[in-house]
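Q: I am new to this structure. Can you walk me through how to read its features, one at a time?

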Amino acid sequence: MIALKDISYVRLGTRDLDGACRYANDILGLREGQRYGPPRHGRAVGFRSDAREQTLVYFDGDPADHTTGFELSSMAELQSAAAELERLGHAVREGRPDECEQRRVQAFIGFNDPSGNAIELAVAPFHSGVRFFPTRDTGNTGFSHVGLRSTDPARDERFWTTVLSAKVSDRIGAAPLLRIDEVHHKIALFPSAYAGVQHINHQVASIDDLMRAWYLLQSRGIRVVFGPGKHPTSGAMFLYFEGPDGMVYEFSSGVRMVTDPDAPPRQFPFHPTSFCMWGSVPDIPEFR
Ligand SMILES: CC(C)C(=O)/C=C/C(C(=O)O)=C(/O)C(=O)O
Ligand SMILES: [Fe+2]
């Protein structure tokens, strides 16, 4: 079993890199870290959300080109992971030195999960000696989870929990919420006809930060697509809103820690009362 230590980064292609960078800075409050590549095409910009050097990267490319990176604890584990994935028939790609530099990691491998989601396993993501603070008072405390699209959630749950070390904290219908540490989930798998990152979550410090975000987003004309609300699953208070290229972003606060490693998952029906215990109803295709 490949032991995932933490979620590390998301890389998103975009046709409007300047616009995506403005959104990351102005709306998400993420601080630009590194810029890569020539002045016109092939550019990439990394953004910080916590002590790590980058957790969100936008690059000149196809907006459907999404990659989610997870941290492994050592080079030995990375080499063992590559061998195990290849043994299971997954095509594994080793990151080139220039790609490692762009990801601010010592080394990485890439492969696709059974739905075709591009996944990278990385060693030693760089931490910064410069304290992170948001570009505006978002209360942002860090990149925390992704929703991934799955063409077969039961099959993919088996992959994420037997090949990789995720555990199911709760299920909503067929959608598993998967933890890789004590945080209730770092990955959620949602039924979809195609692969990709379905939403990107950052934690914020309090409900005050969520409510301030709610008013600010409305004042900036950014569509809030779910919330303010509170998930009965993770207990997190949340706000989902539109980002560049159709990506949905989520701010949440108060996510539950699962301290019992053997805690059994709960099964919730796929119904709005399982999504929000305050009564908010999502305007998000995968949550309809
Ligand atoms: C709206 C979806 C189905 C939902 O309820 C997801 C749950 C949680 C949570 O409990 O925190 C998420 O954050 C998530 O899956 O994104
Ligand atoms: Fe979420």
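Q: Is Ala124 buried, partly exposed or exposed?
A: Ala124 counts as partly exposed, because its relative accessibility is 30% and that class runs between 20% and 50%. This is a predicted model, so the value is computed from predicted atoms. Ala124 lies in the loop between strand 8 and strand 9. Its phi is near 55 degrees, a positive value in a residue other than glycine.

Q: Where does Arg104 lie, and what is its phi?
A: Arg104 lies in the loop between helix 3 (97-103) and strand 7. Phi of Arg104 is near 55 degrees, again a positive value in a residue other than glycine. Arg104 is buried, because its relative accessible area is 11% and the cut-off is under 20%.

Q: Which peptide bond is cis, and what is its omega?
A: The bond that joins Gly227 and Pro228 is cis, with omega at about 5 degrees. Pro228 is part of strand 14 (residues 224-230).

Q: Which domains does the protein have, and how far apart are their centres?
A: The domain assignment gives domain 1 (6-123) and domain 2 (140-287). Their C-alpha centres lie 20 Å apart. To read how they meet, look at contacts. Here 35 residues of domain 1 are in contact with 38 residues of domain 2.

Q: How do I read empty space, and how much of it lies in the largest pocket?
A: Rolling a probe the size of a water molecule over the atoms shows where empty space is left. In this structure the largest pocket holds about 380 Å³ of space. The pocket is lined by 26 residues, and the closest to its centre are Arg149, Tyr194, Asp245, Gly246 and Met247.

Q: Where does the largest pocket lie with respect to the domains?
A: The largest pocket lies between domain 1 and domain 2, because both give residues to its lining. Strand 1 (6-14) and strand 13 each supply at least two of the lining residues. By type, the lining of the pocket has 13 nonpolar, 6 polar and 7 charged residues.

Q: How many cavities of 30 Å³ or more are there?
A: The structure holds 1 cavity of 30 Å³ or more. The volume of the largest cavity is about 200 Å³. Its lining has 21 residues, with Ile172, Leu177, Phe190, His231 and Tyr240 nearest the centre. Strand 11 (175-179), strand 12 (187-191), strand 13 and strand 16 (248-253) each give at least two residues to that lining. The cavity lining divides into 12 nonpolar, 8 polar and 1 charged.

Q: Which residues coordinate the iron ion (ligand 2)?
A: Start with the donor atoms. They are NE2 of His145, NE2 of His199 and OE of Glu250, at 2.0 to 2.2 Å from the iron ion. Next, read their spacing in sequence, which is H-x53-H-x50-E. His145 lies in strand 9 (residues 140-150) and His199 in strand 13 (residues 197-204), so the pair ties together parts that are 54 residues apart in sequence.

Q: Are His145 and His199 buried or exposed?
A: Both are buried.

Q: What surrounds Leu148 in strand 9?
A: Leu148 is buried, with a relative accessible area of 1%. Leaving out residues up to four places away in sequence, its contacts include Thr68, Asn117, Trp160, Phe190 and Gln198. The C-alpha atoms of Leu148 and Ile200 are separated by 9.1 Å, and the two are 52 residues apart along the chain.

Q: What does Ser8 touch?
A: Ser8 lies in strand 1 and is buried, at 2% relative accessible area. Among the residues it touches, beyond those up to four places away in sequence, are Arg52, Phe70, Glu71, Pro125 and Phe143.

Q: Where does Ser115 lie?
A: Ser115 is in the loop between strand 7 (107-112) and strand 8 (118-123). Ser115 is buried, with a relative accessible area of 12%. Its contacts, not counting residues up to four places away in sequence, include Arg149, Asp152, Arg155 and Ala195.

Q: Which residues of helix 1 (residues 17-26) are buried, and what covers them?
A: The buried ones are Leu17, Gly19, Ala20, Cys21, Tyr23 and Ala24. Their cover includes strand 1, strand 2 (31-36), strand 3 (44-48), strand 4 (56-60), strand 15 (237-242) and strand 16.

Methods. Residues numbered from 1 in each chain as written. Chains lettered and ligands numbered in written order. Predicted model: local features only at pLDDT ≥ 70, side-chain atom pairs only at ≥ 80, totals over all residues. Heavy atoms only, no water. Donors = N, O, S within 2.8 Å, 3.2 Å for Na, K, Ca; no water. Helix = DSSP H or I, 4+ residues; strand = E, 2+ residues; numbered from the N terminus. Buried < 20%, exposed > 50% of the residue type's maximum accessible area, 1.4 Å probe, protein only. 1 Å grid on protein atoms, 1.4 Å probe; cavity = no way out; pocket = protein on both sides within 12 Å on 5 of 7 lines; lining within 4 Å. Points joined across faces, edges and corners; volume = space filled by probe spheres on them. Nonpolar A, V, L, I, M, F, W, Y, C, P; charged D, E, K, R; others polar. Domains from an automatic or database assignment. Contact = heavy atoms within 4.5 Å.
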